[in-house]
Amino acid sequence: AGSVQRCLGPLLCLWALRLPAGSGAAARGLDVASYRERVRAMFYHAYEHYLESAFPYDELRPLTCDGQDTWGSFSLTLIDALDTLLILGNVSEFQRVVNVLQEGVDFDIDVNASVFETNIRVVGGLLSAHLLSRKAGVEVEAGWPCSGPLLRMAEEAARKLLPAFQTPTGMPYGTVNLLHGVNPGETPVTCTAGIGTFIVEFATLSHLTGDPVFEDVARKALKALWKNRSDIGLVGNHIDVVTAKWVAQDAGIGAGVDSYFEYLVKGAILLQDKELMSMFLEYNKAIKNYTKFDDWYLWVQMYKGTVSMPVFQSLEAYWPGLQSLIGDVENAMRTFLNYYTVWKQFGGLPEFYNIPQGYTVDKREGYPLRPELIESAMYLYRATRDPTLLELGRDAVESIEKISKVDCGFATIKDLRDHRLDNRMESFFLAETIKYLYLLFDPDNFIHNDGSDFDVVLTAYGECVLSAGGYIFNTEAHPIDPAALHCCRKRREEQWEVEDLMREFYSRKKSKKFTLKSAPNHAEEEGAKDPKDASSEKAGEKRNSKKSSHSLLSCPSQSFNSKLAVLGQVFLDNT
């Protein structure tokens with residue numbers, strides 16, 4: 001067993017663990033391979049019926065065996081399921097779907113689309129599939145990963161969302177018309193998650209395309225929320241993006257807020273950004289102080305901290321997984337076990353669960369096959385190998401197959417008390433629920449790579465390392481390779497680091513051949529230098545006049561080229 005630890009200063013450690021054979025699962029007699037194959041069969045039962053009965057509509061209606069458009073007429077289930085196909089090992093279908101999407105998806109349509117949903121499902125799904133294309137055997141362009149048809153589609157979709165960010169506060173409207181922009185009568189009230197859930201996709205886009213506008217608007221929106229937190233450090237549920245006045249002042253970790261916190265952590269990991277992590281850690285203190293009770297998290301008034309809703313929402317079940325990413329595994333497990341008791345009570349997580357009463361909330365008894373508890377189990381199993389987490393996976397497979405499986409797919413559970421079904425299969429069932437279940441039962445999947453395997457890709461900017469692991473899942477479970485963000489442009493600090501290493505290398509090389517006898521000779525040598533080298537050296541001197549925040553890379557056992565091609569960093573070899 002091995003592990004790789006990537007740390008953001010003292011703030012963050014992300015662990016990728018390779019599990020030893022027979023750990024945990026064998027201790028309780030759970031046949032992991034058998035459940036993995038059952039999850040695979042669940043995927044194809046749903047996926048094939050979507051293709052047969054619903055494509056090109058967004059989603060399958062499993063009770064009537066037909067389709068419907070829900071989020072914008074993008075063939076959404078196909079986009080959402082694409083990277084799941086590769087995780088299950090189906091490269092031929094991945095390749096076929098890539099061609100189908102290129103030919104059939106059009107964003108120049110007169111449709112009002114959710115800015116949030118279009119970003120996480122469409123932009124996120126296309127970016128992930130773009131970055132996984134080479135692994136899936138797709139014949140990629142010469143400039144990949146800095147160019148490619150799926151990247152161009154993701155960029156086109158994201159540009160359709162940009163008009164929503166043109167507000168006095170920088171916080172986006174919730175809905176945009178893909179052809180005409182923001183409708184004149186559009187409500188300015190947006191949920192917190194709908195404002196703070198862009199940095200993963202938009203920063204990836206900016207780094208791959210070289211256009212900073214995407215990352216810039218995402219950061220501005222994040223900082224606007226931070227600026228408008230309450231005096232006790234909490235944010236509410238809905239805010240007016242024009243006036244920055246809080247409309248719904250309930251503070252918690254669930255619906256309407258959830259992925260804002262998630263993206264502060266994941267954005268910090270993806271971008272190695274201490275500011276984003278410090279923002280989350282400040283929120284985390286306030287959340288613990290005001291909303292946490294006996295390892296449950298309640299809803300409170302954002303200005304006073306008084307309890308407003310003593311409920312657990314199924315969307316909150318992502319929180320233990322997020323806690324594991326910042327290393328707080330002990331608290332994560334305690335909260336996870338609370339949530340697992342609710343699952344055992346109903347065979348799923350109701351949308352709302354009244355904690356004092358220990359029962360569902362009226363009109364919130366449904367379970368639309370959400371992934372969040374399974375997601376947390378996957379993260380925590382990677383960190384702990386506790387077999388209890390595999391048991392949750394087993395229970396999820398058994399419950400979903402028993403309650404929601406129908407002839408044409410898997411149906412939303414309308415009421416967990418009597419198992420009535422609803423005629424809908426959300427695209428996230430294939431994007432997230434199935435994916436996290438499969439990864440829970442597949443410890444050797446390439447997604448779990450510990451860095452021992454990787455690909456070296458030559459780009460216009462030099463070599464970069466890809467597929468080494470450390471994938472960051474967006475909130476729709478689309479994995480982003482963080483190393484790819486270093487492949488398509490040299491940020492100034494990376495350029496300086498490369499120049500430092502090159503000067504160090506050449507100075508050592510020259511010191512073996514020459515002895516500098518006098519200042520005039522040294523000046524003569526300086527005069528012979530290329531002007532670019534001189535300006536680079538001045539830039540280095542200017543920067544080095546301040547105390548450096550990090551030491552130069554030093555890997556004497558590796559070749560000079562290998563020193564630079566680390567974790568996706570790129571360089572130009574001008575020798």
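# A guided tour of the predicted model

The protein holds 19 helices and 25 strands. This is a predicted model. Begin with the whole chain in view: 57% of its 575 residues count as buried. Of the contacts between residues at least 6 apart in sequence, 69% join residues at least 24 apart. Switch on the surface, and about 23800 Å² is exposed, with carbon and sulfur atoms supplying 50% of that area.

## Stop 1: the nonpolar core

Select Phe202, Phe261 and Phe429. In the largest nonpolar core, which has 168 residues, these three touch the most other members. Now colour helix 4, residues 115-132; this helix gives the most to the core, with 10 residues. In soluble globular proteins, nonpolar side chains tend to be buried together.

Stay with Phe202 and display its surroundings. Setting aside neighbours within four places in sequence, Phe202 is in contact with Ala158, Leu161, Leu162 and Phe165, and also with Phe214, Glu215, Val217 and Ala218. Asn119 completes the list of Phe202 contacts.

## Stop 2: the annotated active-site residues

Next, select Glu117, Asp258, Glu351 and Glu372. The UniProt annotation "active site", from an unreviewed entry, covers these four residues. Two of them are visited here.

Glu117 lies in helix 4, the helix that gives the most residues to the largest nonpolar core. Is Glu117 buried or exposed? Glu117 counts as buried because its relative accessibility is 13%, below the 20% cut-off. Beyond its neighbours within four places in sequence, Glu117 is in contact with Trp71 and Val122.

Move on to Glu351, in the loop between helix 12 (329-346) and strand 16 (352-354). Glu351 has a relative accessible area of 18%, so this residue is buried too. Show its partners outside the four nearest places on each side in sequence: Phe312, Gln313 and Ser314, then Arg364, Gly366, Pro368 and Arg370.

## Stop 3: the annotated binding-site residue

Select Thr475. The unreviewed UniProt entry carries the annotation "binding site" for Thr475. Look for Thr475 in the loop between strand 24 (472-473) and strand 25 (479-480). With a relative accessible area of 15%, Thr475 is buried.

Which residues does Thr475 touch, not counting those up to four places away in sequence? They are Ile120, Thr197, Ser259, Glu262, Tyr263 and Glu432. Pick out Glu262 from this set: its side chain makes a polar contact of 2.8 Å with the side chain of Thr475.

## Stop 4: a buried aspartate

Go to Asp273, in the loop that runs between helix 9 (258-271) and helix 10 (274-290). Asp273 is buried, at 12% relative accessible area. Add Arg219 to the selection to see a side-chain pair: a polar contact of 2.8 Å joins Asp273 and Arg219.

## Stop 5: an open sheet

Finally, select strands 10, 13 and 14. These 3 strands form an open sheet in the order 10-13-14, with antiparallel pairing. Which strands are at the edges? Strand 10 (250-251) and strand 14 (307-309) are the edge strands, each pairing on one side only.

Narrow the view to strand 13, residues 299-301, and strand 14. The two pair in the antiparallel sense over 2 bridges. To see residues facing each other across this pairing, select Trp299 and Met309: Trp299 stands opposite Met309 in strand 14.

Definitions and conventions
Residues are numbered from 1 along each chain as its sequence is written. This is a predicted model: local features need pLDDT of at least 70, side-chain atom pairs count only at pLDDT 80 or more; totals for chains, interfaces and linings use all residues. Side-chain values use heavy atoms; hydrogens and water are left out. Helices (H or I, at least four residues) and strands (E, at least two) are DSSP runs, numbered from the N terminus. Buried means under 20% relative accessible area, exposed over 50%, partly exposed in between (1.4 Å probe, protein chains only). Contact means heavy atoms within 4.5 Å. Accessible areas come from the Shrake-Rupley method with a 1.4 Å probe; for residues, only the protein chains shown count as cover. UniProt positions are given in the numbering used here, feature names are shortened, and annotations may be inferred rather than shown by experiment. A polar contact is a pair of N or O atoms within 3.5 Å; within protein, one must be able to donate a hydrogen and the other to accept it, and residues adjacent in sequence count only if both atoms are side-chain atoms. A nonpolar core is a set of buried Ala, Val, Leu, Ile, Met, Phe, Trp, Tyr and Cys residues joined through side-chain atoms within 4.5 Å. Two strands pair if DSSP finds at least two bridges between them.
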